[in-house]
Amino acid sequence: MTEHEVPEIPVSVDGEFTGLIPGPYSMISLGAVAYDPAGNELSRFKVNISELSDARRDPATMAWWAEHPEAWKASTENPIGPKDAMCQFDRWLGTLRGRPKLMGWPLPVDFMFIYWYYVNFLNKAPPFGYDGIDIKTYAMAQMKTATLSGKASGVSRKMVQELLGIPTDDFSHDPVDDASQQGRLYFGLRALAQGGKKVASE
């Protein structure tokens, strides 16, 4: 099988953090769900990660965590060291029968942390490359809206959940659960597009 024949395996990811960027702040939990190209779930992964020894905690981020104690517990109980965590993630990615392609809502922050941790602790390039699928951007394309943020963004996760009939309180902030729900958003939007149905914004 040549490189071009290797299928892409969509992997929805969700990380939880103590701040805005990797290094000064830590990734404390990582969840991922892999799918086959048709959107059927293949496998799940979750690991809680010890905070970096020289990192700090962002006050605004920690204020949010203080309002979500159950999510904090789910993301911090029984953590393992960052290197061991990334070794586990790397081995899990290696079990997938294809090239992993990360996706998320929003992808840039999760991608930044995951990539930094991968290179910093495993000292090698990750198998998912330098790009991925930002589900919000995909939703914007389907909904024919061009703005990215603020009240005029024209698309939100709640809107897409309502469009697809997913309960709007269906995100637990446990990273593997959120990764699964994000996958549902992506494949739900893709099914609408492939079915020729119009996806309308508000």
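Colleague: How far apart are the closest N and O atoms in the salt bridge that Glu51 forms with Arg57?

Modeller: Happy to help, with a word on the source: this is a predicted model, where local features need pLDDT of at least 70, side-chain atom pairs count only at pLDDT 80 or more, and totals for chains, interfaces and linings use all residues. Residues are numbered from 1 along each chain as its sequence is written, and side-chain values use heavy atoms, leaving out hydrogens and water. A salt bridge here is a side-chain nitrogen of Lys or Arg within 4 Å of a carboxyl oxygen of Asp or Glu. For Glu51 and Arg57, the closest N and O atoms are apart by 2.5 Å.

Colleague: Thanks! What is the relative accessible area of Arg57?

Modeller: Buried means under 20% relative accessible area, exposed over 50%, and partly exposed in between (1.4 Å probe, protein chains only). Glu51 counts as partly exposed, at 31%. Arg57 is partly exposed too, with a relative accessible area of 43%.

Colleague: How many residues apart in sequence are the parts that Asp131 and Lys101 tie together?

Modeller: The side chains of Asp131 and Lys101 meet in a salt bridge (2.6 Å, N to O). Asp131 lies in the loop between helix 4 (107-122) and strand 5 (133-134), while Lys101 is in strand 4 (residues 99-104), so the distance in sequence between the parts they tie together is 30 residues. Those elements are DSSP runs numbered from the N terminus: helices are H or I with at least four residues, strands E with at least two.  For the number you asked about, then: 30 residues.

Colleague: Which residues join Lys101 and Asp131 in one network?

Modeller: Lys101 counts as buried at 9% relative accessibility, whereas Asp131 is partly exposed at 42%. Salt bridges that share partners link these two into one network with Glu8 and Arg99.

Colleague: What span should the 14 residues of helix 3 have?

Modeller: The expected span is 1.5 Å times one less than the number of residues. In helix 3 (residues 82-95), the end C-alpha atoms are 20 Å apart, which agrees with the expected 20 Å.

Colleague: And how wide an arc do the buried residues of helix 3 cover?

Modeller: In helix 3, Pro82, Ala85, Met86, Phe89, Asp90, Trp92 and Leu93 are buried. They sit on the same side of helix 3 because the arc they cover around the axis is only 160°. That arc is taken from the directions from the helix axis to the C-beta atoms. So the arc is 160°.
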